[in-house]
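Please examine the model shown below before reading on. The account that follows moves from one chain as a whole to a single helix, then to helix packing in the other chain, and lastly to the contact of the two chains.

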Amino acid sequence: MTGLDYVVKRVFFAVATVLVAITLNFILFRAAPGDAVSALRCRQCTAQFKEYERKQLGLDKSKWEQYWLYLQDLAHGNLGSSLRTEKPVTTELWAPIENTLPMIALGTFFSIVLGIVAGVISAWRRGTAVDKAGLWTSLGFYSMPPQWLGLIAVLFVAGALGLPTSGIKDPTLGILSNPSTWTVIVDRLKHMVLPALTIGLVLYGEYALIVRSAMLETLGEDYILTARAKGLSNWSTVWRHGLRNALLPVITLVALSLGLIIGGFITIEYVFSYPGIGLAVVEAIDQRDYPVLQGAFLLLTLSVIFFNLVADLLYFKLDPRVTE
Amino acid sequence: MTTAELVEAPPVPVAPPSFFTRLRRSPVLSSRQALVGLGILLLFVLTGIFGPIALPHDASLKVGPVFQSPSLAHPLGTDGGGADMLYLLIDGASVSLLVGFAAAAVSAVIGGLVGLLAGFFGGRTDIALMRLTDYFLVIPDIPLMIVVAALFGRSLTNIILIIGAIYWTSTARLIRAQTKTVRERVYVRRARALGAGNTRLIVRHVLPQVTPLLIANTVLLIAYAIFAETFITFLGLGDPSKISWGRLIENAFQDDAILNNAWWAIVPPGLAVTVVVLACTMTGQAMEDAMNPRLRAGHLSVRRFRLRRWPPGSP
């Protein structure tokens, strides 16, 4: 199999998966007992209103017609309207996405830094108590329910560091004075730190293990021996010569993890009342706002498929042997 | 001289040792790590089975003031409803472990069946089933579970079925790979040549060889399932009439245990989940390594970190 074949195959698989995900998304929400409207909980939802909404959503048509309409809507980037606010789902989800992305980026950054430091130390002191303790610690964090770890962070860390524990910005900010951009940024960062740290702690174990095994391989190479023979310090050998080459596998793992974080951050955002996509999902569940839930689920699924493809292609770029 | 005497009798293939023989010989029982994990797991299982019976009264009964700190009468204090945390924790063990074991069993059945059929028949069956598995592997499992739980109601049975129906993919891949190697072994080929039907081949010859790996994988799945239950329950989608560890974490959050600085209401349930998940991982991994030495990759390997999947397309 040539390289091009591999790329085409992966892209084709991703496209097929997207189709499966779209269809699954349709079937799930139609197969549920009752329909989107009957489960709706709101004050103004009279029987008449519900009948009207059903017509609006096309729920009175046959399943095949509905499926066709659904596909057409998707092709136009139309995810329907929220039953609660009547605004388009895409508008409803835009702000949460904007809030989530920087927080996840910070969380990923934390996990990479923690993972590299822990991995390099483990590799350098391989087989010792330090190595084992480090690996068991990361495995321990990995086994904790993320929402619980978030609560623990609020309980024991927030107070000590004076960090806010909920929301995305200080509600009093900007009421009395016009804050500078810098103050606003610092405020945003402060609100992001705890949820991001939770993500970082849950995930760093994976990176630590990858870095550790890659480092062990690299530290056995001849050029490391040469570096030592030249009289370079331990620090220089490990960080400048060893780590640089051991980092390759981490890059693909990052792409993959971005997709995987999604599972965990729904509950993490809920714990910290962080108004991101996870919190939007929780609110949509709470209010039985099916179009928003459906849109969010589709979005999450598509991003996972996308990052999986990116990981596959990156992996191929870095190590063309995968096609064999 | 008859033709039968001319044909040299084929060497009688030695029947592969039974599961228990292999378990006795395998490093699992000598591996300290697996023993520790198994011991912890057993302790929790016994607590889950006999604990609720031994409780003097209903665990959620109000026995003292709200968020009372630990005392001699209530070693873990009370929760936001004034109920004894220790009793709740014991009661929660039975529900959490029930969900864990039952959902893992559902996964094992679905995954085992898909893997066996795909691996044994090969060809188009294999391609079709593995495509299906691949698609399910990519769709993010936690959001899928949350959506399905939100749509299909909040009973314990539903939660078990949902978790079980979503976590079978890794099992299917593992079992398929194992089945493929077993299918080609000499004694299976010989049985086929002697006229054994597919059903007999699968049930008598392939299944016994695949079962140990399936069991090891199921132990790992228990960890996934207990973990997933805490997610679903935390979002208010758990069974409202049942107390699980996930529910206790949710309660602590909803009742503002943090504002009351009631660490005793928050720490124990999550710690219990962590310990059980670690115990399952230790046991399952050691068993898998013992059954399938080729998978073994060192003392602590990446495969240990498999609550979320890595790498793509790995078994």
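Two residues are taken to be in contact if their C-beta atoms, placed from the backbone, lie within 7 Å. The model discussed here is a predicted one. On that definition of contact, 76% of the contacts in chain A with a separation of 6 or more are accounted for by residues 24 or more positions apart. The secondary structure of chain A consists of 12 helices and 0 strands, and its pattern along the sequence reads α-α-α-α-α-α-α-α-α-α-α-α. Of the 324 residues in chain A, 40% are buried.

Helix H9 of chain A, residues 234–246, shows how burial is arranged on a single element. Thr237(A), Val238(A), Gly242(A) and Ala246(A) are buried in this helix. Viewed down the axis of H9(A), these buried residues fall within an arc of 85 degrees, so they line one face of the helix. As a general matter, an α-helix has 3.6 residues a turn, so residues three or four places apart point the same way. The other side of H9(A) carries the exposed residues Trp235(A), Arg240(A) and Arg244(A). Which helices of chain A are included in what covers the buried residues of H9(A)? They include helix H4 (89–124), helix H7 (181–219) and helix H8 (222–229) of chain A.

The next topic is the packing of helices in chain B. Two packed helices are described by the angle between their axes and the distance between the axes. For helix H5 (residues 85–121) of chain B and H11(B), the axes come within 7 Å and cross at roughly 140 degrees. Angles over 145 degrees would count as roughly antiparallel; the crossing angle therefore makes H5(B) oblique to H11(B). The crossing of these two helices, H5(B) and H11(B), is right-handed. On the H5(B) side, the residues that meet H11(B) include Ser96(B), Val99(B), Gly100(B), Ala104(B), Ala108(B), Gly112(B), Leu116(B) and Phe120(B). Their counterparts in H11(B) include Ile202(B), Val206(B), Val210(B), Leu214(B), Leu221(B), Ala225(B) and Glu229(B). By class, the residues of the contact of H5(B) with H11(B) are 16 nonpolar, 5 polar and 1 charged.

H5(B) also packs with H12(B): their axes come within 7 Å and cross at roughly 130 degrees. This angle makes H5(B) oblique to H12(B). Here Leu88(B), Gly92(B) and Ser96(B) of H5(B) meet Trp245(B), Gly246(B), Arg247(B) and Leu248(B) of H12(B). The residues of this contact divide into 3 nonpolar, 3 polar and 1 charged. Ser96(B) is thus listed in the contact with H11(B) and in that with H12(B).

The loop between H5 and H6 of chain B contains Gly122(B). Is Gly122(B) buried, partly exposed or exposed? With 14 C-beta neighbours inside 10 Å, Gly122(B) counts as partly exposed. Gly122(B) lies 160 residues from Met282(B) in sequence and 33 Å from Met282(B) in space, C-alpha to C-alpha.

The contact between the chains takes 47 residues from chain A and 40 residues from chain B. On the chain B side, the elements that give two or more residues are H6 (123–138), H7 (141–152), H11 (198–234), H12 (245–254) and H13 (263–291). The largest share on this side, 9 residues, comes from H7(B). The residues of chain B that touch chain A comprise 32 nonpolar, 5 polar and 3 charged.

Notes
Residues are numbered from 1 along each chain as its sequence is written. Chains are lettered from A and ligands numbered from 1 in the order in which they are written. This is a predicted model: local features need pLDDT of at least 70, side-chain atom pairs count only at pLDDT 80 or more; totals for chains, interfaces and linings use all residues. Helices (H or I, at least four residues) and strands (E, at least two) are DSSP runs, numbered from the N terminus. Ala, Val, Leu, Ile, Met, Phe, Trp, Tyr, Cys and Pro count as nonpolar, Asp, Glu, Lys and Arg as charged, and the others, Gly among them, as polar. A residue is buried if 20 or more other C-beta atoms lie within 10 Å of its own, exposed if 12 or fewer, and partly exposed in between; C-beta atoms are placed from the backbone. The arc is that of the directions from the helix axis to the C-beta atoms. Axes are lines fitted to C-alpha atoms, for helices over the stretch in contact, and angles run from 0 to 180 degrees between N-to-C directions. Angles under 35 degrees count as roughly parallel, over 145 as roughly antiparallel, 65 to 115 as roughly perpendicular and the rest as oblique. A crossing is left-handed if the near helix is turned anticlockwise from the far one by less than a right angle, and right-handed if clockwise.
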